[in-house]
Amino acid sequence: MATKAIAGGSSSIDDGSDREDACPICLTPIFQVSYLDTCFHKFCFKCIKQWIKVVSSKVSKQLSSVKCPLCKTDNISIIHNFDGYSFDRHYVNRNITDGFVLTKEQRYRLQCYYTESGFLADVFDVSRFWKMKKILQPNRWFEAWLRRELQALMQEEDVDIVLHHLIGVMDSFCKRTEERHKQEARSAETNQEQFKSVMAEAARPFLMARTDRFVDEVELFLASGLNMEAYDSMYKQRLGWSNNRREIGAANEASEEEEENIRTRVTPYLFLFEEDSD
Amino acid sequence: MQPSRARLFKEYKEVQREKVADPDIQLVCDDTNIFKWTALIKGPSETPYEGGVFQLAFAVPEPYPLQPPQVRFLTKIFHPNVHFKTGEICLDILKNAWSPAWTLQSVCRAIIALMAHPEPDSPLNCDSGNLLRSGDVRGFNSMARMYTRLAAMPKKG
């Protein structure tokens with residue numbers, strides 16, 4: 001077979017200033033701009049992901065990198081969802097098989113963790129929750145909710161160990177509280193403090209800098225008495241922005257500005273790592 | 001609209017705009033089917049194909065641009081990497097080295113480059129390849145020029 005060393009058709013795309021922002025794959029203006037991590041050529045997220053899928057379907061073993069369609073540089077991931085603070089990486093070798101990709105909800109929840117604690121304090125009556133000792137009542141939505149949160153925070157699919165650990169810690173806390181309840185009456189505040197410190201201690205090795213925010217969130221979810229969907233929609237209502245806005249794109253530019261204002265309150269992504277960087 | 005259709009339409013518009021920019025390539029889309037294209041390319045100068053106009057047929061597959069278009073010469077050509085009977089072209093970018101950043105236009109350019117720089121070590125046309133491999137450049141050139149005259153030049157008179 002003849003081999004021609006001609007740079008992959010770049011000349012037909014790069015010239016002409018009005019086409020500068022066109023995706024080299026679909027030739028239309030780039031939608032959900034994403035970059036290859038080494039050469040930084042940009043594409044629509046969907047287009048480059050599709051191309052990686054095609055390339056990997058042609059080889060028998062798992063691909064670890066993909067050649068840039070424009071310059072043939074090897075790249076191991078796509079950088080996307082860059083919003084000024086944070087970005088996501090879509091790894092070539094996670095793409096097809098057992099890779100774990102956050103769902104839309106998990107991604108959204110991760111963003112919720114950037115907000116300050118006590119954000120919804122006026123919506124749910126947390127102190128009443130403790131006064132009424134509602135912690136002792138089973139919450140059938142809790143486990144599924146907890147699993148999702150852990151998956152989002154740890155960016156891992158298999159969180160069983162941590163999940164059962166935390167639930168175990170919580171159960172034994174409840175048992176102790178119940179027993180104590182029979183003997184002596186403790187203030188709701190003490191219970192609340194106790195609960196949070198026990199949970200934080202249990203979660204810290206896994207969640208590190210995110211722990212305290214996480215424990216607040218656990219408390220809030222339990223206090224809300226809502227199921228996962230209702231709790232999420234509460235958040236969405238209050239935050240006014242959601243992960244969907246990127247998909248919706250230009251369709252709702254009017255509400256975009258409003259959302260932008262709210263978004264600026266969100267704390268940068270990197271602060272989550274502050275404590276565990278040594 | 002299918003992505004391939006949208007992209008071909010984009011290329012069509014681009015071709016209309018670039019017509020003047022590249023006088024060596026004339027890409028035409030079938031009137032009724034955007035997946036069928038033909039191209040007229042000029043034989044590159046200082047090659048035995050100079051002065052000839054060669055017709056190419058493009059069949060674009062549904063998954064384009066994730067899959068390369070199928071291209072073949074409709075005009076007979078004596079070239080090591082082109083099948084003499086079918087016009088099939090042996091070119092890596094049309095097979096495993098395809099990249100979705102190529103366009104029909106840039107594929108035409110690649111084919112012109114292939115005409116100027118044959119690869120006799122991976123021949124589809126063995127006679128042509130053997131002439132070059134045995135070092136008979138003169139023999140190759142005269143055969144190629146003869147077929148260019150016979151098949152790729154407008155008949156005079």
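Author: A helix here is a DSSP run of H or I with at least four residues, and a strand is a run of E with at least two, both numbered from the N terminus. On that basis chain B has four helices and four strands, and its pattern along the sequence is α-β-β-β-β-α-α-α. This is a predicted model, in which local features need pLDDT of at least 70, side-chain atom pairs count only at pLDDT 80 or more, and totals for chains, interfaces and linings use all residues. Residues are numbered from 1 along each chain as its sequence is written, while chains are lettered from A and ligands numbered from 1 in the order in which they are written.

Reader: What makes Leu27(A) count as buried?
Author: A residue is buried if 20 or more other C-beta atoms lie within 10 Å of its own, exposed if 12 or fewer, and partly exposed in between, with C-beta atoms placed from the backbone. Leu27(A) has 23 other C-beta atoms within 10 Å, so it is buried. This residue lies in the loop between helix H1 (11–14) and S1 of chain A. Its phi is positive, about 65°, although it is not a glycine.

Reader: And why does Phe40(A) count as exposed or buried?
Author: Phe40(A) has 12 C-beta neighbours inside 10 Å and therefore counts as exposed. Phe40(A) sits in the loop between S1 and S2 of chain A. Its phi is also a positive value, near 60°, in a residue other than glycine.

Reader: How much of chain B is buried?
Author: By the neighbour count, buried residues make up 41% of its 157 residues. Chain B also has a cis peptide bond between Tyr64(B) and Pro65(B), with omega about 5°. Pro65(B) belongs to the loop between strand S3 (53–59) and strand S4 (70–73) of chain B.

Reader: What makes S1(A) and S2(A) a pair?
Author: Two strands pair if DSSP finds at least two bridges between them. S1(A), residues 33–36, and S2(A) have three bridges in the antiparallel sense, so they meet the condition of at least two. Val33(A) stands opposite Cys44(A), and Tyr35(A) stands opposite Lys42(A). The two strands form a hairpin with five residues between them.

Reader: How many bridges join S1(A) and S5(A)?
Author: S1(A) and S5(A) have two bridges, again antiparallel, and two is enough for a pair. Leu36(A) has Ile78(A) in S5(A) as its bridge partner. The open sheet of four strands has the order S2-S1-S5-S6 in chain A.

Reader: Which are the edge strands of this sheet, and what makes them so?
Author: Strand S2 (42–44) and strand S6 (88–91) of chain A each pair on one side only. Neighbouring strands are turned by 35° against each other on average, direction ignored.

Reader: Which side chains of S1(A) are buried?
Author: Ser34(A) and Leu36(A) point to one face and are buried, whereas Val33(A) and Tyr35(A) point to the other and are not.

Reader: Why are H3(A) and H5(A) called roughly perpendicular?
Author: Axes are lines fitted to C-alpha atoms, for helices over the stretch in contact, and angles run from 0 to 180 degrees between N-to-C directions. Angles under 35 degrees count as roughly parallel, over 145 as roughly antiparallel, 65 to 115 as roughly perpendicular and the rest as oblique. The axes of H3(A) and H5(A) cross at roughly 70° and come within 9 Å, which makes H3(A) roughly perpendicular to H5(A).

Reader: What are the classes of the residues in this contact?
Author: Residues are in contact if their C-beta atoms, placed from the backbone, lie within 7 Å. Ala, Val, Leu, Ile, Met, Phe, Trp, Tyr, Cys and Pro count as nonpolar, Asp, Glu, Lys and Arg as charged, and the others, Gly among them, as polar. The contact of H3(A) with H5(A) has three nonpolar, two polar and four charged residues. Arg109(A) and Leu110(A) are among the H3(A) residues that meet H5(A), and both are buried.

Reader: Why is H5(A) called oblique to H6(A)?
Author: H5(A) and helix H6 (160–183) of chain A pack at about 130°, with their axes 10 Å apart. An angle of about 130° falls in none of the named ranges, so H5(A) is oblique to H6(A). Leu146(A) and Leu150(A) are among the H5(A) residues in this contact, and Leu163(A) and Leu166(A) among those of H6(A). The contact has six nonpolar, no polar and two charged residues.

How values were computed:
Two residues are in contact if their C-beta atoms, placed from the backbone, lie within 7 Å.
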